[in-house]
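Subject: Structure for you to look through

Dear colleague,

Here is the structure I promised to pass on, with the sequence alongside. Please open it first, and then read the notes underneath with the view in front of you.

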Amino acid sequence: MIKKITHKLHHFGKTDLFKTSFWNGIATLIKMGTGIISNKIVAIYLGPSGIALLGQFVSFTGILSTIAGTGNSSGVTKYIAEYKEDELQRKKIISTGFLSTIIVTFITSVIIFIFAKQFCENILKSTHYISVFYLFASTLILFSINGFLVSVLNGFKEFKKIIVINILSSLFGLLIAVFFTMKYGIFGALCATVLSVSLISIITVIFVYNSSWFKISDFLNYFDKPVFKKLLNYTVMAFVSIFAVMYIQLAIRTYLIDHLSIDAAGYWQGMVRISEIFLSLITTTLSIYYLPRLSEIKDDHELRKEIFNGYKFLLPITLLGSVLMYLFRNFIIDFLFTDDFKPMTELFFWQLLGNVFKIASWLIAFLMLARAMTKIYIITEIIFGVCLYFMTIILTNKFGLIGATIAYCLNYFLYFIVMLIIFRKILFTK
């Protein structure tokens, strides 16, 4: 069955931003639908406090997964797309990336096993869920393999396979999340976070195996130091990005739990979740289409044209969606959550405005990945990650929970201005 699907996908034809967005939109609608259902189940069975703890664990798994191997995904995608005509170089990229991923994942898994108790106490405020950390350490290799293989597919521009994988991931994730949450509560929801990715990795392997370029030897024959150094730059950039997002989210959530309440942290996490569901269409299109596309382009004029096309197509969608979400915010809370989450209403305006600035800045910021601008990327990510954390502390002390969303909006507005300054030569030179 899967072989027939991949055969049809192979003959689908060339892709562009609109076509990628259209088909990715279908996958995203399915992801949004499954996300809405699972979110509703989690809200009903766990409440705001459960949402906060689940958010903590998701942030933790995201950080460790990036350290383990998925951090080099952008590099693998970029260099496979860049050297698509050089078979030997492609093989070096695939093999070096795969072997380094396996080694680092093994080391990371051992660390999680050793410090599982400390991680559990600091992140979930209890050792009751320590077995979930052991489960994550045992299956981390599947996280890493899945992320690596998807990045290879992305480099070969096999977008349709990636989209089908995303669809299956959404459906399997929903089934697992609903079953485990309803049966085992917060413990089941935590386990489902780990098991859903582990299961989809098997599907990804099947899709890759049926690709015309696939050879097992390509994954094991080389360990090229120059290639490793190039990929290491992207691993560092990805880790910094994760620090600026997931670690900062984890730190903010912890601060809200300690200084406001665990329910307040749950309201904030719920708002973050709504943003993630809405922005998934935009961000997935950026990662699937933009990175390999921008990596191919050498001419500044063509690069500027591609970026402006992105603004013309993606920014209006973000603006329209944000306006509609604000107008129907009460309905969204009722639909996605329960009456316990009504205090989230006041968080919508600043969060949604921040989302607009976020997409506007990301359309430019992807140039740093495409052009391997490691130092600038690291500096800006660290600065704005730290700024978000401290602005959140200052503004929540002054305005309460709404201060967290004001900080989010202000942070991405400043980030957007800095991106314009950094790339002014490319963007504004005729």
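Leaving aside its neighbours within four places in sequence, which residues is threonine 193 in contact with? Please keep in mind throughout that this is a predicted model. Threonine 193 lies in helix H7, which covers residues 159-209, and its contacts beyond those sequence neighbours are Leu54, Phe57, Val58, Thr61 and Phe143. With a relative accessibility of 18%, threonine 193 counts as buried, because the cut-off for that class is under 20%.

One of those contacts, Phe57, leads on to the aromatic residues. The count of aromatic pairs comes to 21. Among them is the pair of phenylalanine 57 and phenylalanine 136, which is edge-to-face, with 6.4 Å from centre to centre and 75° between the planes. This pair links distant parts of the chain, since phenylalanine 57 sits in helix H2 and phenylalanine 136 in helix H6 (residues 130-155), 79 residues apart. Both phenylalanine 57 and phenylalanine 136 are buried. Another edge-to-face pair is formed by phenylalanine 349 and tryptophan 350, at 5.2 Å centre to centre and with 85° between the planes; here phenylalanine 349 is partly exposed at 41% relative accessibility, and tryptophan 350 is likewise partly exposed at 30%. Ring pairs also join Phe57, Phe60, Phe119, Phe133, Phe136 and Phe143 into a cluster, and the Phe143 of that cluster is also among the contacts of threonine 193.

Helix H2, which spans residues 17-68, also holds asparagine 39. Asparagine 39 is buried, with a relative accessible area of 7%, and, not counting residues up to four places away in sequence, it touches Arg273, Leu336 and Phe337.

Arg273 appears again among the charged pairs. Side chains of opposite charge can pair when their charged atoms come close. The structure has 2 salt bridges by the rule applied. In one of them, the side chains of arginine 273 and glutamate 276 meet at 3.9 Å, N to O; because these two residues are 3 apart in helix H9 (residues 262-296), about one helical turn separates them. Glutamate 276 is partly exposed at 37% relative accessible area, and arginine 273 is partly exposed at 26%. A salt bridge also joins the side chains of lysine 342 and aspartate 334, at 2.8 Å, N to O, with lysine 342 partly exposed at 30% and aspartate 334 partly exposed at 37%.

As for cysteines, the structure holds 0 disulfides. Cysteine 191 is buried at 8% relative accessibility, whereas cysteine 387 is partly exposed, with a relative accessible area of 32%.

Finally, there is the surface to consider. A nonpolar patch of about 1100 Å² is made by Ile67, Ile103, Val104, Phe106, Ile107, Val110, Ile111, Phe113, Ile114, Phe115, Tyr134 and Phe239. Which helix gives the largest share of the nonpolar patch? That is helix H4 (residues 87-114), which supplies 8 residues. One residue of helix H4 is phenylalanine 106, which counts as exposed because its relative accessibility is 58%, and the cut-off for that class is over 50%.

With best wishes

Definitions and conventions:
Residues are numbered from 1 along each chain as its sequence is written. This is a predicted model: local features need pLDDT of at least 70, side-chain atom pairs count only at pLDDT 80 or more; totals for chains, interfaces and linings use all residues. Side-chain values use heavy atoms; hydrogens and water are left out. Helices (H or I, at least four residues) and strands (E, at least two) are DSSP runs, numbered from the N terminus. Buried means under 20% relative accessible area, exposed over 50%, partly exposed in between (1.4 Å probe, protein chains only). Contact means heavy atoms within 4.5 Å. Patches are made of residues with over 30% relative accessible area and no salt bridge: like charges are joined within 9 Å, nonpolar side chains (Val, Leu, Ile, Met, Phe, Trp, Tyr) within 5 Å. Accessible areas come from the Shrake-Rupley method with a 1.4 Å probe; for residues, only the protein chains shown count as cover. A salt bridge is a side-chain nitrogen of Lys or Arg within 4 Å of a carboxyl oxygen of Asp or Glu. A disulfide is a pair of cysteine sulfur atoms within 2.5 Å. Rings of Phe, Tyr and Trp (its six-membered ring) pair if their centres lie within 6.5 Å; planes under 30 degrees apart count as stacked, over 60 as edge-to-face and the rest as tilted.
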